[in-house]
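Open the model in your viewer and keep the sequence panel beside it. This tour goes stop by stop, with a selection to make at each one.

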Amino acid sequence: MNNLFKLSLNKVESNSFANQNSNKFFVRFFSKKINLVFTVLLFLFIIWILLSLFLYPYKYDEVVLNSHLSYNLPNIFNPYITKSFNYDNEYDLIIKLASENKIEIIKTVYSENIVSLTYNPYKLINALSLEKNNIEILHFIPWFGTNNEGYDNYSIFINSFGITILISIISCFIAILVGNSLGTILAYRFNFNLSIDKLLISTISLIPSTLISILLFNIFGYKHWLAIIILSIIMIPVFFFSAYPDTKELKNSLLIDAYKVNGYSQIKIIFNVIFPRVLARSLSLVIDQFTVVILILSSISFYNVEGIKESLNIGNLFKYILDNFSDFYLTSLVIFGICFYIVTLKILTVNLYICSKVVIR
């Protein structure tokens, strides 16, 4: 009799939608070339972020040069700035260096009390370093220049983006673990029915989640560890309302009946049988919540949350871009990087969702 039940279990596992394991799920997902292409692109994008974090010579929290000359340096693609000078010693020094062909002044505009010079500041810094021992030579030109405090713009972008991705991963991991566990346990133990489409859950929760997050950050301030806690709490209901109906569907399947007959305990059924399948069907929500994290972290920078200005945050970078929108190269880098990341995640979200619907029909 026991062998008969085992044969029944094997038959259910091979034919039932409830038993599509994660390997089959990913085989189905990657069988479409578009999914493989965008997954590779996302992987290369993250590799680029990681390599920049470790190999780029300038740090986000260190000025590129211990001098006022490092403020608002231009990007490497168009390394010229226009600056106004009084007719003083600094102006005389620049004219002297230009006359010695150590720097190049490409434009001069005179007025009554000041003169505007357009020149390459990197050549000026290196020329002055030969004149004065207290100024360092810039051996590596910052790719996208510096901000008004002398910090490297590219390093700030990379580190802000890296921190955002890290916060997304950790908070989503906590939320999916807690939300799916609660949804699976409660759905298995109670008979209350609840069915909401996954993408609908994510969509209708977007605005309330953002507003609640802004309120909580205004109350408690901003720290990276606090952001992880708040975002995890905000995302738990999304995964709970995804796991609950999925567990109900699996609970009433022949698969679970077969495991019960073979002596599996409730705990073993919940965590060994149901939870992995529910987790696989939540992957589309995980990817989608990454974009929600970007939206929330970007929003709180515009509400003067306590501690946000002192922290690496993608929203602070957006504010800087808005104030310096004329910097075409830095603006393009930020817009392209963020848009590529969000669009890629959205495409993978939709295709993961479609794949899960195909698997469980």
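Start by selecting Asn180, which sits in helix 6 (residues 153-189). Helices here are DSSP runs of H or I with at least four residues, strands are runs of E with at least two, and both are numbered from the N terminus. This is a predicted model, in which local features need pLDDT of at least 70, side-chain atom pairs count only at pLDDT 80 or more, and totals for chains, interfaces and linings use all residues. Residues are numbered from 1 along each chain as its sequence is written, and side-chain values use heavy atoms, with hydrogens and water left out.

Is Asn180 buried or exposed? Asn180 is buried, at 0% relative accessible area. Buried means under 20% relative accessible area, exposed means over 50%, and partly exposed lies in between (1.4 Å probe, protein chains only).

Now show the side chain of Ser282. A polar contact of 3.3 Å links it to the side chain of Asn180. A polar contact is a pair of N or O atoms within 3.5 Å; within protein, one must be able to donate a hydrogen and the other to accept it, and residues adjacent in sequence count only if both atoms are side-chain atoms.

Next, display the surroundings of Asn180. Setting aside neighbours within four places in sequence, Asn180 is in contact with Ala175, Phe239, Ala243, Phe275, Val278, Leu279 and Ser282. Contact means heavy atoms within 4.5 Å.

**The strands**

Select residues 114-119, which form strand 3. Five of the six residues in strand 3 are buried. Add strand 1 (residues 81-86), which pairs with strand 3 in the antiparallel sense over six bridges. Two strands pair if DSSP finds at least two bridges between them. To see one position across this pairing, pick Ser84, which stands opposite Ser116 in strand 3.

Then add strand 2 (residues 105-110). Strand 2 also pairs with strand 3 in the antiparallel sense, over five bridges. Click Thr108: its bridge partner in strand 3 is Leu117. Follow the backbone from strand 2 to strand 3, and you pass through a hairpin of three residues. While the strands are on screen, check the side-chain directions. In a regular strand, side chains alternate between the two faces of the sheet.

**The charged residues**

How many salt bridges does a search of the whole structure find? The search finds two. A salt bridge is a side-chain nitrogen of Lys or Arg within 4 Å of a carboxyl oxygen of Asp or Glu.

Select Lys96 and Glu100. They form a salt bridge, with the closest N and O atoms 3.0 Å apart. Lys96 is partly exposed at 37% relative accessibility. Now add Lys102. Glu100 forms a salt bridge with Lys102 too, with the closest N and O atoms 3.3 Å apart. Lys102 is partly exposed at 37% relative accessibility, and Glu100 is partly exposed at 35%. Shared partners join Lys96, Glu100 and Lys102 into one network.

**Two asparagines in loops**

Move to Asn101, in the loop between helix 4 (89-99) and strand 2. Its phi is near 60°, a positive value in a residue other than glycine. Asn101 counts as exposed because its relative accessibility is 70%.

Go on to Asn72, in the loop between helix 3 (33-55) and strand 1. Phi of Asn72 is near 55°, again positive in a residue other than glycine. Asn72 is partly exposed, at 43% relative accessible area.

**The cysteines**

Select Cys172 and Cys339. Cys172 is buried, with a relative accessible area of 1%, whereas Cys339 is partly exposed at 40%. A search of the whole structure finds zero disulfides, a disulfide being a pair of cysteine sulfur atoms within 2.5 Å.

**Zoom out**

Finish with the whole protein chain in view. It has 14 helices and three strands. Of its 361 residues, 48% are buried. Among contacts between residues at least 6 apart in sequence, 77% join residues at least 24 apart. Turn on the surface last. The accessible surface comes to about 19,000 Å², and 63% of that belongs to carbon and sulfur atoms. Accessible areas come from the Shrake-Rupley method with a 1.4 Å probe; for residues, only the protein chains shown count as cover.
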